[in-house]
Amino acid sequence: MASHNELGKRGEDIAKNFFVSRGFWIRDSNWHSHHLEIDFVAENDEMIVIVEVKTRTGNIFGEPEDFISDAKMQRILKAANNYIILNNIEKNAQIDVVSIVFLADGTYRLTHFPDAITPKWYYKL
């Protein structure tokens with residue numbers, strides 16, 4: 001596995017543990033439908049959360065969440081919509097972003113952005 005893939009997997013595992021520690025269970029990981037992908041789906045009794053994880057080894061070029069382009073947001077929204085329809089989800093749903101920066105001392109910084117990607121980003125006035 002390429003080092004960037006290993007880094008991404010480490011970040012996703014940390015993000016999953018973050019959600020599990022808050023009472024969620026992991027419903028799906030690395031879900032794919034055609035060219036669309038969801039990092040993981042967390043669920044509790046009240047809601048379902050589609051999670052996009054961005055992981056970096058530093059933030060010298062910007063925070064990980066800064067690298068989610070408009071096109072990527074559109075793909076995430078489409079993937080979330082497909083997932084909800086294909087799995088007949090009737091709970092409230094949201095799309096969260098988790099940003100993880102691994103620090104030089106071997107620790108990491110996790111930032112959670114609840115309900116970070118919503119269709120309203122794409123409305124034209």
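**Figure 1. Salt bridge between K9 and D13 within helix 1 of the predicted model.** K9 is partly exposed, because its relative accessibility of 46% falls between the limits of 20% and 50%. Its partner in the salt bridge is D13, with a distance of 3.1 Å from N to O. D13 is likewise partly exposed, at 30% relative accessibility. Helix 1 covers residues 3-20, and the two side chains belong to positions four residues apart in this helix, or about one turn. The pair belongs to a total of four salt bridges found in a search of the whole structure. Side chains of opposite charge can pair when their charged atoms come close.

**Figure 2. Salt bridge between R27 of strand 1 and E43 of strand 2.** The side chains of R27 and E43 meet at 3.0 Å, N to O. R27 is placed in strand 1 (residues 25-33) and E43 in strand 2, so the contact ties together parts of the chain that are 16 residues apart in sequence. Are these two residues buried or partly exposed? R27 is partly exposed, with a relative accessibility of 30%. E43 counts as buried because its relative accessibility, 8%, is under the 20% limit. K91 also takes part, and R27, E43 and K91 are linked in a network of salt bridges.

**Figure 3. Buried salt bridge between K72 and E52.** The side chains of K72 and E52 are joined at 3.8 Å from N to O. K72 lies in helix 2 and E52 in strand 3, and the salt bridge links these distant parts of the chain across 20 residues. Both partners, K72 and E52, are buried.

**Figure 4. The largest nonpolar core and the surroundings of I95.** This core comprises 17 residues, and those with the most contacts inside it are I38, V41, I50, Y83, I95 and I117. At least two of its residues come from each of strand 2 (36-43), strand 3 (47-56), helix 2 (70-86) and strand 4 (92-102). Helix 2 makes the greatest contribution, with six residues. Which residues are in contact with I95 once its neighbours within four places in sequence are left aside? They are I50, I76, L77, A80, P114, D115, A116 and I117. Another core, of 15 residues, lies apart from the largest one and includes L7, F24, A42 and V49. In soluble globular proteins, nonpolar side chains tend to be buried together.

**Figure 5. Aromatic cluster containing F18 and F19.** Five aromatic pairs are found in a search of the whole structure. One of them joins F18 to F19 in an edge-to-face arrangement, with 5.6 Å between the ring centres and 85 degrees between the planes. F18 and F19 are both buried. Ring pairs extend the group, linking F18, F19, F24 and F40 into a cluster.

**Figure 6. Surroundings of the F102 ring.** The ring centres of F102 and Y108 are 6.1 Å apart, and the pair is edge-to-face because the planes stand at 65 degrees, over the limit of 60. F102 is buried, with a relative accessible area of 6%, whereas Y108 is partly exposed at 42%. The ring of F102 also has a charged partner: the charged end of R10 sits over it, 4.0 Å from the ring centre.

**Figure 7. Antiparallel pairing of strand 4 and strand 5.** Strand 4 and strand 5 (residues 108-113) are paired in the antiparallel sense over six bridges. Within this pairing, V101 has R109 of strand 5 as its bridge partner. Five residues lie between the strands of the hairpin, where G106 adopts a positive phi near 95 degrees.

**Figure 8. Overall organisation of the protein.** The secondary structure consists of two helices and five strands, arranged along the sequence in the pattern α-β-β-β-α-β-β. Of the 125 residues in the protein, 40% are buried. Among the contacts with a separation of 6 or more, 55% are between residues 24 or more positions apart.

Notes. Residues numbered from 1 in each chain as written. Predicted model: local features only at pLDDT ≥ 70, side-chain atom pairs only at ≥ 80, totals over all residues. Heavy atoms only, no water. Core = buried A, V, L, I, M, F, W, Y, C linked by side-chain atoms within 4.5 Å. Buried < 20%, exposed > 50% of the residue type's maximum accessible area, 1.4 Å probe, protein only. Contact = heavy atoms within 4.5 Å. Phe/Tyr/Trp six-rings, centres within 6.5 Å; stacked < 30°, edge-to-face > 60°. Lys NZ or Arg CZ within 6 Å of the ring centre and 35° of its normal. Pairing = 2+ DSSP bridges.
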